[in-house]
Amino acid sequence: MAEPLYKRVLVKVSGEALMGPAGFGLHQPTVDQIAADLAATHALGVELAVVVGGGNIFRGVQVSGQGVDRATGDYMGMLATVMNALALHAAVMRQGAQARVLSALDISAVAETYTRPRALAHLDRGRIVIFAAGTGNPFFTTDTAAALRAIETGCEALLKATNVDGVYSADPKKDPSAVRYDRITHDEVIHKDLKVMDTAAFALARENALPVIVFSIHEPGSILAAVCGGGRVTTVTSR
Ligand SMILES: Nc1ncnc2c1ncn2[C@@H]1O[C@H](COP(=O)(O)OP(=O)(O)OP(=O)(O)O)[C@@H](O)[C@H]1O
Ligand SMILES: O=c1ccn([C@@H]2O[C@H](COP(=O)(O)O)[C@@H](O)[C@H]2O)c(=O)[nH]1
């Protein structure tokens, strides 16, 4: 039986990854696979917070310059993350785990509104907490929301479940000669301007000595493996 390294972690689930092989939206088998991995990790006794992105549906920058201002576009992007959070919540519940969605935007007919005490209470009661609508502010990203919520809720690590199997010296989707790191520091990621997460997220992680573990969500069981110190990951730490 695998032994978890952490008591409480936050998993950032890439929105883009949720579209699976489709070009847009939600690919249900992919959502179900991620939900099963989250539920299996939770079943080990790990307290789980989740931030889900929105890149499979909408990003604010897509509409800026097309007659919609950037802030409005960003609110549209945050609403996209709410849709993903609802889909992930349903899938996690189907796995038999208890979960709640907390939205940073007040849409109380759809989800509970985020407050830190509410999030902590749900986590303490053993519920998976899925944070929707990012930080609730335009000009931010769900990566920054992930670092922020991880720190606010006392998570010991941020697990970035993404489309690539770690941090590279350049974007591996654009540069085939990019070299993969097993370990790297927050400082190096920021100074080398490595874009696997935005700089604001890495800066928050650095200031708070929050380890960031980057791995591919496309590998079944990769969340559980990362929580137990295994799998193919890049570990980003203070030193
Ligand atoms: N140096 C790097 N190392 C690894 N990946 C990198 C690097 N630079 C850029 N990337 C890219 O970062 C992307 C991160 O994808 P991900 O979908 O998790 O981000 P996102 O845009 O924040 O997510 P979302 O879909 O939720 O908006 C990868 O697809 C990868 O191609
Ligand atoms: O705090 C936040 C988080 C997100 N947004 C907007 O949502 C989209 C989707 O989020 P991703 O991080 O790209 O998955 C993002 O492009 C922003 O437009 C935001 O404004 N504030």
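In this predicted model, strand 2 and strand 5 run parallel to one another and are joined by three bridges. One such pairing places Ala-49 opposite Val-129 of strand 5. Strand 5 also pairs with strand 3 (residues 99-103), again in the parallel sense, here over five bridges. Val-101 has Ile-130 of strand 5 as its bridge partner. Strands of a sheet are held together in this way through backbone hydrogen bonds, and the pairing can be either parallel or antiparallel.

Strand 5 is a good place for a newcomer to pause. Five of its five residues are buried. In a regular strand, side chains alternate between the two faces of the sheet. For strand 5, both faces turn out to be covered: Ile-128, Ile-130 and Ala-132 lie buried on one side, while Val-129 and Phe-131 are buried on the other.

Stepping back, these strands belong to an open sheet of nine strands with mixed pairing, arranged in the order 4-3-5-2-1-6-8-9-7. Its edges are formed by strand 4 (112-113) and strand 7 (183-185), each of which pairs on one side only. Helix 4 (residues 142-152) packs on the sheet and touches strand 1, strand 2 (47-52), strand 5 (128-132) and strand 6. The direction of helix 4 makes about 155° with that of strand 2. Two of the strands touched by this helix also pair with each other: strand 1 (residues 8-13) and strand 6 (residues 157-162) run parallel and share five bridges. Within this pair, Lys-12 is matched with Lys-160 of strand 6.

The protein chain as a whole contains seven helices and nine strands. Its radius of gyration is 17 Å, close to the 18 Å that the globule rule gives for 239 residues, so the chain is as compact as a globular protein of that length. Along its principal axes, the C-alpha trace spans about 50 × 45 × 35 Å. Of the 239 residues, 46% count as buried. Among contacts in the chain with a separation of 6 or more, 71% involve residues 24 or more positions apart.

Finally, there is the ligand to consider. Around ligand 1 there are 21 residues, of which Ser-14, Gly-15, Glu-16, Gly-53 and Gly-55 come nearest. The shell around ligand 1 is made up of seven nonpolar, nine polar and five charged residues.

Conventions:
Residues are numbered from 1 along each chain as its sequence is written. Chains are lettered from A and ligands numbered from 1 in the order in which they are written. This is a predicted model: local features need pLDDT of at least 70, side-chain atom pairs count only at pLDDT 80 or more; totals for chains, interfaces and linings use all residues. A residue is near a molecule or strand if its C-beta atom, placed from the backbone, lies within 6 Å of it. Ala, Val, Leu, Ile, Met, Phe, Trp, Tyr, Cys and Pro count as nonpolar, Asp, Glu, Lys and Arg as charged, and the others, Gly among them, as polar. Two strands pair if DSSP finds at least two bridges between them. Helices (H or I, at least four residues) and strands (E, at least two) are DSSP runs, numbered from the N terminus. Two residues are in contact if their C-beta atoms, placed from the backbone, lie within 7 Å. Axes are lines fitted to C-alpha atoms, for helices over the stretch in contact, and angles run from 0 to 180 degrees between N-to-C directions. The radius of gyration is taken over C-alpha atoms; the globule rule is 2.2 Å times the number of residues to the power 0.38. A residue is buried if 20 or more other C-beta atoms lie within 10 Å of its own, exposed if 12 or fewer, and partly exposed in between; C-beta atoms are placed from the backbone.
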